[in-house]
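Got the model loaded in your viewer? Here's a walk through it, one selection at a time.

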Amino acid sequence: MGCTESKQTSGDDIVKKIRKPKPWNHSEPITRAQLARIRDEFWDTAPHYGGRKEIWDALRAAAEAELILAQAIIDSAGVIVQNDDLTICYDERGAKYELPKYVLSEPINLIRND
């Protein structure tokens, strides 16, 4: 009985359902290839700014997955989601992970003919 109560506070973080970011515009229209390049650049450099590589890897896998799988990845990695669109997360040690919207979804001004 006591265990259920002790998990009450951490349970809020675990059951927080993730979602894709709200529609957004890039500063200028970009192609799918340009978007892929800036995403790769972010993921290549992000671990150098702190946090654990395995959490960055889990966040990348979640960002590139469908929502149901992304939720499972986040839950199994022990990621604490502050913003339900994954733009701000923490690991169990308290390290902060900030993800730009461009790695989580496509802008509405994406040029689709490339």
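Start by selecting Leu-86, in the loop between strand 2 (80–81) and strand 3 (88–90). This is a predicted model, so keep that in mind as you click around. Check the backbone at Leu-86: phi is near 70 degrees, a positive value in a residue that isn't glycine. Is Leu-86 buried or exposed? Its relative accessibility is 4%, so Leu-86 counts as buried.

**Zoom out for the layout**

Now show the whole chain as a cartoon. You should be able to pick out 6 helices and 5 strands. Going from the N terminus, the elements run α-α-β-α-α-α-β-β-β-α-β. Colour by accessibility and 34% of the 114 residues count as buried. If you draw the contacts with a separation of 6 or more, residues 24 or more positions apart account for 62% of them.

**Helices 4 and 5**

Next, select helix 4 (residues 53–63) and helix 5 (residues 67–77). Their axes are 8 Å apart, and the helices pack at an angle of about 165 degrees. That angle is over 145 degrees, and helix 4 and helix 5 are therefore roughly antiparallel to each other. The crossing of these two helices is left-handed.

Which residues make the contact? Turn on side chains for Ile-55, Ala-58, Leu-59, Ala-61 and Ala-62 on helix 4. From helix 5, add Ala-70, Ile-73, Ile-74 and Ala-77. What you have on screen for this contact of helix 4 with helix 5 is 9 nonpolar residues, no polar ones and no charged ones.

**Helices 3 and 4**

Keep helix 4 and bring in helix 3 (residues 32–45). The axes of helix 3 and helix 4 come within 10 Å and cross at roughly 160 degrees. Helix 3 and helix 4 are therefore also a roughly antiparallel pair. The crossing of helix 3 and helix 4 is right-handed.

For the contact, select Asp-40, Phe-42 and Trp-43 on helix 3, then Trp-56, Leu-59, Arg-60 and Ala-63 on helix 4. The contact of helix 3 with helix 4 divides into 5 nonpolar residues, no polar ones and 2 charged ones. Leu-59 is worth leaving switched on for a moment, as Leu-59 is listed in the contact with helix 5 and in the contact with helix 3.

**The aromatic cluster**

Time for the rings. Select Phe-42, Trp-43, Trp-56, Tyr-97 and Tyr-102, which ring pairs link into a cluster. How many aromatic pairs are there in the count? The count comes to 5 aromatic pairs.

Take Phe-42 and Trp-56 for a closer look. Their ring centres are 6.0 Å apart and the planes sit at 75 degrees, so this pair is edge-to-face. The pair links distant parts of the chain, with Phe-42 in helix 3 and Trp-56 in helix 4, 14 residues apart. Both Phe-42 and Trp-56 are buried.

Stay on Trp-56 and add Tyr-97. Trp-56 and Tyr-97 form another edge-to-face pair, 4.9 Å centre to centre with 70 degrees between the planes. Trp-56 lies in helix 4 and Tyr-97 in strand 4 (residues 96–98), so this pair ties together parts 41 residues apart in sequence. As for accessibility, Trp-56 has a relative accessible area of 6% and is buried, while Tyr-97, at 0%, counts as buried too.

**Down to Pro-107**

Jump to Pro-107, in the loop between helix 6 (101–104) and strand 5 (110–111). Pro-107 is buried, with a relative accessible area of 1%. What is Pro-107 in contact with, leaving aside its neighbours within four places in sequence? Show Trp-24, Asn-25, His-26, Ile-30 and Leu-35 to see these contacts. Then draw a C-alpha to C-alpha distance from Pro-107 to Pro-21: the separation is 9.9 Å, for residues 86 apart along the chain.

**Last stop**

Finish with Asn-113, in the segment after strand 5. Buried or exposed, which is Asn-113? With 70% relative accessibility, Asn-113 counts as exposed. One more distance to draw goes to Thr-31: the C-alpha atoms of Asn-113 and Thr-31 are 7.7 Å apart in space, with their positions 82 residues apart in sequence.

Note on methods
Residues are numbered from 1 along each chain as its sequence is written. This is a predicted model: local features need pLDDT of at least 70, side-chain atom pairs count only at pLDDT 80 or more; totals for chains, interfaces and linings use all residues. Side-chain values use heavy atoms; hydrogens and water are left out. Rings of Phe, Tyr and Trp (its six-membered ring) pair if their centres lie within 6.5 Å; planes under 30 degrees apart count as stacked, over 60 as edge-to-face and the rest as tilted. Helices (H or I, at least four residues) and strands (E, at least two) are DSSP runs, numbered from the N terminus. Buried means under 20% relative accessible area, exposed over 50%, partly exposed in between (1.4 Å probe, protein chains only). Axes are lines fitted to C-alpha atoms, for helices over the stretch in contact, and angles run from 0 to 180 degrees between N-to-C directions. Angles under 35 degrees count as roughly parallel, over 145 as roughly antiparallel, 65 to 115 as roughly perpendicular and the rest as oblique. A crossing is left-handed if the near helix is turned anticlockwise from the far one by less than a right angle, and right-handed if clockwise. Contact means heavy atoms within 4.5 Å. Ala, Val, Leu, Ile, Met, Phe, Trp, Tyr, Cys and Pro count as nonpolar, Asp, Glu, Lys and Arg as charged, and the others, Gly among them, as polar.
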